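Here is my note on the structure below, set out as numbered points. I begin with the sheet and then turn to the contact between the chains.

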Amino acid sequence: MSNAALPNGEALGLEVPLGSIERSLQQIWADDQAKTRSSLINFAIYSEEAGDLGRHCADLEAITAQHSCRALLVVNLAAETAPARAWISAHCRPYQEGKVVCSEQISFVLQGADAAQVQNVVFGHLDSDLPLMVWWQGSLKRCFEERLYSRIHTLIVDSSRWSDPAAQLQRLLGAWRSADFDVRDLSWTRSHLLRTALAVAFQDGKALEHLHELQHIEIVHGQGHRSAALLLAAWLGWRLKGGKPQPAAAAPQDGDASLQWISPQGGTVTVAIKAAAPAADQAAHSCALLSLELSGGGMSVRIWRQSCSSFIHIRVCAGEHQHEEVMPADSVSDAGLVGAQLERAGGSTHFREVLALLPHWLEATGSH
Amino acid sequence: MAELENPFEENLLNRNRAEPCTVVIFGATGDLTNRKLIPALYNVAACGDLPPQFKVVGFARRDKSDEVFRAELEEGNRRNSRQGHDEELWSSFAQNIHYHRSEFEDPAGYVRLKQLLDRFDRERGAPANRLFYLASAPEAFVPILDMLRASGLNHAPQGRWARVVCEKPFGKDLITARALNDTVAATFAERDTYRIDHYLGKETAQNIMVLRFANALFEPNWNSRYIDNVQITCAENLGMEGGRGGYYDTAGALRDMVQNHLFQLLSLVAMEPPTDLSADSVRDEKVKVIRALRPLIGPEAVAANVVRAQYAAGSVDGVARVGYRQEDRVNPQSMTEAYVALRLFIDTWRWQGVPFYIRVGKRLPKKATEISVHFKKPPQVPFATRRLLGNSSENTLVIRIQPDEGIAMRILCKQPGQALNMQQVKMDFRYSSSFGTASPEAYERLLLDAMAGDATLFARCDEVENAWRFIDEIQRAWHYSDKPPPMCEYPAGSWGPREADELLRQDGHQWRLL
Ligand SMILES: NC(=O)c1ccc[n+]([C@@H]2O[C@H](COP(=O)([O-])OP(=O)(O)OC[C@H]3O[C@@H](n4cnc5c(N)ncnc54)[C@H](OP(=O)(O)O)[C@@H]3O)[C@@H](O)[C@H]2O)c1
């Protein structure tokens, strides 16, 4: 393979023949008594793009700093078929008295491999008995096939990076129904602590009393994070027992979506989904969700993240009564979000419900 | 009116959700509040687990403003917070901390406290739940409870709760514990009473139930057919530094550690599986263990099963140390034990004939708390004549509570080579090497649970009283009998007195080497 296709090849560590990966890994541990190998999970990044090797390695380094695993990086390029290549390395963090704890990384670069070849090369190098979590980069394209995903315990996707969200969603839902794996979408994870903040806001009895007066919801998202806003809107609609979403009577402004549903009380709740103004503070755009506001009658609950800081601010107004709170916010880095997923055992039942509802929302926003 | 349901609750974090409340800390300028309680609450906030409109009121007698109080706590938080100190989070957290100056026994102070809490309720627009945390010296518990009752602060407004958290020690014998329980019961319902035992907030203590009941490898073997003996060790290399001799000399190892922390660990190791994970189901099973402890009545029974000791001069980590009676604030004629070892039997079907050995002491070679479960040996007939490298051929499961929390298992393997020799090998799981993220401090978990109404990790009144009943018999034999069992001695820096080794040798056992 040319160096152009592998710009950061050296970041992958030591190149080894495919047939001697395990032996070479053992050598790492045999040579250095101060290193301890640790592994609780097989964690793989799978990508069909060449350019991001450096970023993937940095992500794996960040993840292994918190979660011991066998890390696998699989880059499968749509080039002419060529023999697979492999590299090994270790990510270490200090532990006790000069010792370090390390996670192994095996990186594969495949060319023109189909799902069967990916399975053959990669699955032969898993740490036995440990679950396999795969972080699939970008769209679910070429190799997203039954023989591959049926071996996965948890699949992490990022719907904000999908080129055709409606088609991708159908593909994902189809796979999910046929195989028994857990799915996490980073776009959903990006609203995790915002949803927690909303639950905290409505722990306030006064706000809760006024919730039935809700008329309007506004969600502002950072550039490229419409999917996080849509997932959040779908969740709100489901939790509030809203009817099927419809395009709102008023036409949306450019790039915005405006929807409405009928509440159980028979009122109309409008939902405006807006991208932050391009002129807005540059930092704001690294954040998926900038604000959420629920208002109507005597109530307004606003949750926002100032300049994408590490904190969420909550302001609750219910009649005369008002207060503000501060809570931690979700990580803005993808690796941080994946780390947060690894800390939370088990899938989210709410996400399953929301994913099934999402096609209606894509339809109502004209994204199908 | 039916309680409205918050539609946005989704058990997002898979853990207890604290309910909106005001926490009133009695003794709020003390060491515990500064080092543990406020950093724990701050870290609960840093994890996003504090409820909205949360407030802390610190109650103590010295005169100071909210600002001075907050500045002192900020200083403590910078030093002691597990996740560091963030200015933005601290300033939001600290603006909800207030100081209330009053003597514990001054009724007017409670009238003013009530006015303060009512003012907060008015600002909130609704009455709040109240959590009263007794972080004072134990002698003040009863007066504070009396005052809370007299002022009506123990009664929560309609639809709200008022709870009390009691620090250790909970009494110093059965009589005082009962008297305290009576005062508590006259003031708060048992379901609103949370007796702290911070050992229960530790990650590995909580892991004992998972390890036992969720693993097919252990669950069927956890009984007298397969287990030979169980050892619980709580070793301290410290002595009486920092003036702790004053309190310690009035308590001793048995009352300070065994009655509460070590009996809690013993209960978790020996209990039957609870029918569910509710607080009362778990505690029902735990208290049965304490009730089933074979009583040690009379000086002979105590002498045969319990060894008490004080350390003599010696050295720890190469530093010369004085003996217990020469320590600061310790009575030179003291008859308080700095070390105790016990052999206990639990008279249940599951544990018939299995000795449980407990040892706890100061100025031992290192700091370590752990439980080791020693399995019976298989017949090993084919291997009987084979050589063994190691001091024992039994399988051992070790649960390390602190430091370096984890689980280790010792098994026998064939040594590589032409001969069939055996060697012990250790399989070791360490929380810190497997998980990069640090576990929450015990107080974080316990405060969160108290605010959420989950009493599973707190001691119930019958647990406390049954534990004291057992301990009192030993104290009686030591201090009120004609022929009291001897006070043994060990050099500081050793693993305890020879008599404690003898206690196990009589049964053909030995203490695990730590
Ligand atoms: N410290 C620990 O690490 C630790 C660990 C486990 C359990 N505990 C338990 O926690 C409790 C508190 O321990 P601590 O070390 O924090 O005690 P401490 O440092 O001695 O603090 C005592 C507190 O009580 C206040 N106080 C004393 N008499 C008072 C009175 N008459 N009226 C009003 N306030 C009064 C003091 O206020 P002023 O400053 O205004 O005098 C101070 O805030 C004890 O029950 C102890 O056994 C402590």
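1. Helices (H or I, at least four residues) and strands (E, at least two) are DSSP runs, numbered from the N terminus, and two strands pair if DSSP finds at least two bridges between them. The model is predicted, so that local features need pLDDT of at least 70 and side-chain atom pairs count only at pLDDT 80 or more, while totals for chains, interfaces and linings use all residues. Residues are numbered from 1 along each chain as its sequence is written.

2. In chain A, an open sheet of 8 strands with mixed pairing follows the order β11-β12-β13-β10-β14-β15-β16-β17. Its edges are β11 (246-247) and β17 (321-328) of chain A, each of which pairs on one side only.

3. Within this sheet, β10 (residues 216-221) and β13 (residues 268-275) of chain A pair in the parallel sense over 6 bridges, and Val220(A) stands opposite Lys274(A) in β13(A).

4. Chain A and chain B bury about 3200 Å² between them, 57% of it on carbon and sulfur atoms, where buried area is the accessible area (1.4 Å probe) that two parts lose on being put together, summed over both. In chain A, Tyr95(A), Gln203(A) and Phe311(A) lose the most area to chain B, together 18% of what that side buries.

5. The contact (heavy atoms within 4.5 Å) takes 42 residues from chain A and 36 from chain B. Between the chains the count of salt bridges is 0, a salt bridge being a side-chain nitrogen of Lys or Arg within 4 Å of a carboxyl oxygen of Asp or Glu.

Definitions and conventions
Chains lettered and ligands numbered in written order. Heavy atoms only, no water.
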